[in-house]
Every structure is written in C-alpha cells, then in structure tokens.
Amino acid sequence: MPTTRTKALAPAALALLLAPLATACSGSAGAAGSTTVTVTVGYQSKTINTVTAGTLLRSLGYFEEELAARGKKDGITYEVDWQDYATGAPITAQMTAGKIDIGSMGDFPLLINAVRGKELKQPTHLVSVTGYNLRGGLNTVVTAPDSKLESLADLRGKKVSTSVGSAADGTLVRALQRAGIDPSGGIEKLNQQPSVGASALQAGSVDALSQFVAWPGQLAYEGRAKALYDGAELNLPTFHGVTVREKFAKERAGVLDDFLRAQRRATDHLRAEPVAAAESVAKETGLPAEVVYLYNGANGIATFDPALRPELIDALKQDVAVLKDAKLVGDVDVDAFVDPEPLARVAAGTAEYPGAVAARPELWLKGQARTRSFDSPRELLKAARGADVRAAYVPDAVTGTLWFADKAVWVAEGPELRAFVTPAGAKAYVAAHQGSGARIVSFAEAGTLAS
C-alpha cells in the first residue's frame, strides 16, 4: 500500500534545501536484481494546482494502474511511496539526496530545484506542467478582513508573511517593485510556511500574507482574509510542474512514461468532471470543495495541461532574475533543465489540450453535480437570487481572475455590474470611468440591481 509522510518545514527555505534529510524508505528505483521497485513521489496535497501529479492522481490510482500493467510484462512488482509536503523546498532537498524520484512544485521552486540538483550531483529536469495561469492569478496578497490597507502601496513599512523562494514570494517581490517599494528594505518580510503565515495574519502579528494556491482563496472563503493584490495584475505567467531526477529518468524511462501517462489521464478526468474532481480533492485534503473549484473548476483560475508551453518556459527564464536578486540562485540554464522528450513520447499521436479561455461567471447550486455558466455577472446574480447557492464565482473585470461573488468588490456602471478581486482594482476602474457614473456598491446592492 502507498504510504504518506508529512514533513514540517524549517523557517528558512534555503536551509531546508541544503540540510541533509533522512528517510526510512528507498526513494530510488530499487536494488539491482530486485523484484520489487519502489517509486517515491513528492507532492503537495494542498497546493491544488498540482493535483494531476499529486492529490487527484493518487486518489484515482492511475499511476499504480500503469505500473501494474508494466509489472505484468517485466516481472517486477512496483510500489509507489507518496510523500506529502507543504511546499516545494523539502521535495528538492529529498530529491538532491536521491530519496525522491519525481516531484511537483511551483515555477520559482523549480528553478531552485534545477540549481541544487546540479550543485549536489543529482541533476533534475522539468518534464511536464500541472496547472498554469497566463497572467499570474494563482498568487494573491491578502490582509485581515478588518484591515485598513487598501492597496499594495500601503504595505510600505509593514510586516508581510510569505514563503521565501516560492512563486508567491516572486509575485510579492515583483508587485512591490512596480509599486515603487524596495522588496528587501521597504517591508519587513517574514519567511513562514503558509499555515504559519495564515495564523500570523489572523493573530494580527503580520499585516499581510502573500501566498500561492489555495491559501488566499481558502482564507477569503472562510472570512479570515480579503484580497489586497491580485497576482494577475502582473500579467506574467505562473505555473506548477513536474521534475524528475535525471538518474531515475535514465534508469527507469518507462516508469517516468507511466507517470506522465497517468498524469494525462488525471488531467482528462479533471477537465471532464471538474465538480467530481473538486469533491475528491476536498475529501483528500480537508479543503472546502468550493475553494478547490475556484482554482480547478471549469472556469477556474488554473488551466490544466501537461504541455511545456513556450510562454511558460519564457516566464521561467524571467523568474531567474528575481531569485538571483534574492541570492537564492546564480545563473540557471533553463533550456538544459527542461526536457520535453518524455512527454513527447507519451503524448505522441494525441490531440493537444485547449488553451486557457476567458473565465465566465459560474453558479454552483447545492445538491448539483454540475455548475451553470453565464454570459455576464448580472445574469449570475439574477439566477442566484433566492436560489440554494453553494458557491457563485465571477471573473475580475480587468484581470479575469475568478473570485467568490460574495467576496468580490462590485461596481455598478449604468446597467452593467462588474466584479473585482480587490478594492484597489475597483477604485482604479471607477476613477477611470468617472463620466459613466461608475460607483462601488455592496454585494447585496449588486444583487438587488441585477433583479
């Protein structure tokens, strides 16, 4: 039976990456001549942008099915050791120790994975993508519900929690730079695990939290935070992907193919049955299904496609400068790190997945296994009025980032109703459309106006 091990993160991401870690099970492909091979997969159960290579894939059992078929042909019993972590840093530490074969993590951690693997003589390669957002909407900066902070500029001199070296940290750094704030000296940055940062925000010991999927959405849904900055404002792609140890990929190329084939099957399942997939991930992680669906649904913030899209690889190259400035990496040969051949073998002859499309308002009624999409926020609000609503989602009028309708900031402009993830986004729109009578209204008033 697969096993799960959860590791606690040390305060400093860099220390985690360099610290030697011990494990009780073999992360390699097994001793020569062995009739049992253990494949160790590191994943992040609650980083739900990686579910097709982690939580959902594990629950569906597709990888085990692929390995069982292989085992019948080569006379080997394959076992999968699923190891669950909160961030990508400890997965990299275990991979560079030769104890994890395949791992999934975000774009910035992937770069650190590439560097540490090369440094420690355990080179790794990026072989597929799990989920992506072409504008960067998977990362969000949030504040306490009663916070007086209204824009990113208000963070100057404030305490901000993030996970250093993560995609969310990269978003924070870039956003602060655009706001004219020095990321290293203009704020007091606390390097914390997502769960620790969430607790710190609730306790009032930090002023804001910059984190990756699904923390911002979960905190907003539970009424424990409100959005301050939508990462999609950067208009820079962000994604999570699958990395593999080079030695393992060479010794067990067929097993890697099986993993990628299973990932594609999980991607097909998620795309065909987004509600069922969200319910499954919720059951496995304890996250609210409504939050999972915000990111992984039919109109979710993430688009799932294993392809190593050129725009994502280009974005990865742009990320290097951010990590270099933070002295987390030196030069990174991204082209050498990316290996498209395994996925090309598996996907040969198959149709490409559709690319990202503009999100539409979406309504999920209680007791329903399907959601309903609408052409406008007004239509969604009208349909939701008096209905037994489980969740209602609307895209930001400018960035397109999906958000909970009752947590969004609403603007009425003549007969039109527009939603925004952040107050700053709504205020900027109103300021730019003063002649049209645009004004910010409450969610309740928006509902009344829609009727």
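**Working through the sheets, cores and loops**

Strand β4 (residues 124-133) and β11 are joined by two bridges and run antiparallel. Helices and strands here are DSSP runs (H or I, at least four residues, for a helix; E, at least two, for a strand), numbered from the N terminus. Two strands pair once DSSP finds at least two bridges between them.

You're looking at a predicted model: local features need pLDDT of at least 70 and side-chain atom pairs pLDDT 80 or more, while totals for chains, interfaces and linings use all residues. Residues count from 1 along each chain as its sequence is written, and side-chain values use heavy atoms, leaving out hydrogens and water.

**Exercise 1.** Work out which strands stand at the edges of the six-stranded sheet, and which helices lie across its strands.

*Solution.*
- Step 1: write down the strand order. This open sheet runs β2-β1-β3-β10-β4-β11, with mixed pairing.
- Step 2: look at the two ends. β2 (77-84) and β11 (303-304) each have a single partner strand, so one side of each has no neighbour in the sheet.
- Step 3: check one bridge at the β11 end. Tyr132 has Thr303 of β11 as its bridge partner.
- Step 4: add the helices, taking contact as heavy atoms within 4.5 Å. Angles run from 0 to 180 degrees between N-to-C directions, with axes fitted to C-alpha atoms, for helices over the stretch in contact. Helix α5 (residues 107-119) lies across β3 (102-106), β4 and β10 (238-245), at about 130° to β3. Helix α13 (residues 310-325) lies across β4 and β10, at about 110° to β4.

**Exercise 2.** Now take the three-stranded sheet: find its order, its edges and the helices lying across its strands.

*Solution.*
- Step 1: the order is β17-β16-β18, an open sheet with antiparallel pairing.
- Step 2: β17 (416-420) and β18 (439-441) are the edge strands, pairing on one side only.
- Step 3: neighbouring strands are turned by 35° against each other on average, ignoring direction.
- Step 4: zoom in on β16 (residues 409-413), which has three bridges to β18. Ala412 has Arg439 as its partner there.
- Step 5: place the helices. α16 (residues 377-384) lies across β16 and β17, at about 90° to β17. α18 (residues 443-450) lies across β16, β17 and β18, at about 100° to β18.

**Exercise 3.** Which helix gives the most to the largest nonpolar core?

*Solution.*
- Step 1: settle the term. A nonpolar core joins buried Ala, Val, Leu, Ile, Met, Phe, Trp, Tyr and Cys residues through side-chain atoms within 4.5 Å. Buried means under 20% relative accessible area, exposed over 50%, partly exposed in between (1.4 Å probe, protein chains only).
- Step 2: the largest core has 47 residues, and those with the most contacts inside it are Ile48, Leu294, Tyr295, Leu380, Tyr393 and Trp410.
- Step 3: the helix is α12 (residues 289-296), with six residues in this core.
- Step 4: don't miss the other core, lying apart from it, with 30 residues including Met105, Ile112, Val332 and Val338.

**Exercise 4.** Find where Asn235, Lys327 and Ala214 sit in the chain, and look at their backbones.

*Solution.*
- Step 1: most residues other than glycine have a negative phi, and most peptide bonds are trans.
- Step 2: Asn235 has a positive phi of about 55°. Asn235 is in the loop between β9 (226-230) and β10, and counts as partly exposed because its relative accessibility is 44%.
- Step 3: Lys327 has a phi near 60°. Lys327 is in the loop between α13 and α14 (334-337), and at 69% relative accessibility it counts as exposed.
- Step 4: the Val213 to Ala214 peptide bond is cis, with omega near 10°. Ala214 is in the loop between β8 (208-212) and α8 (215-221).
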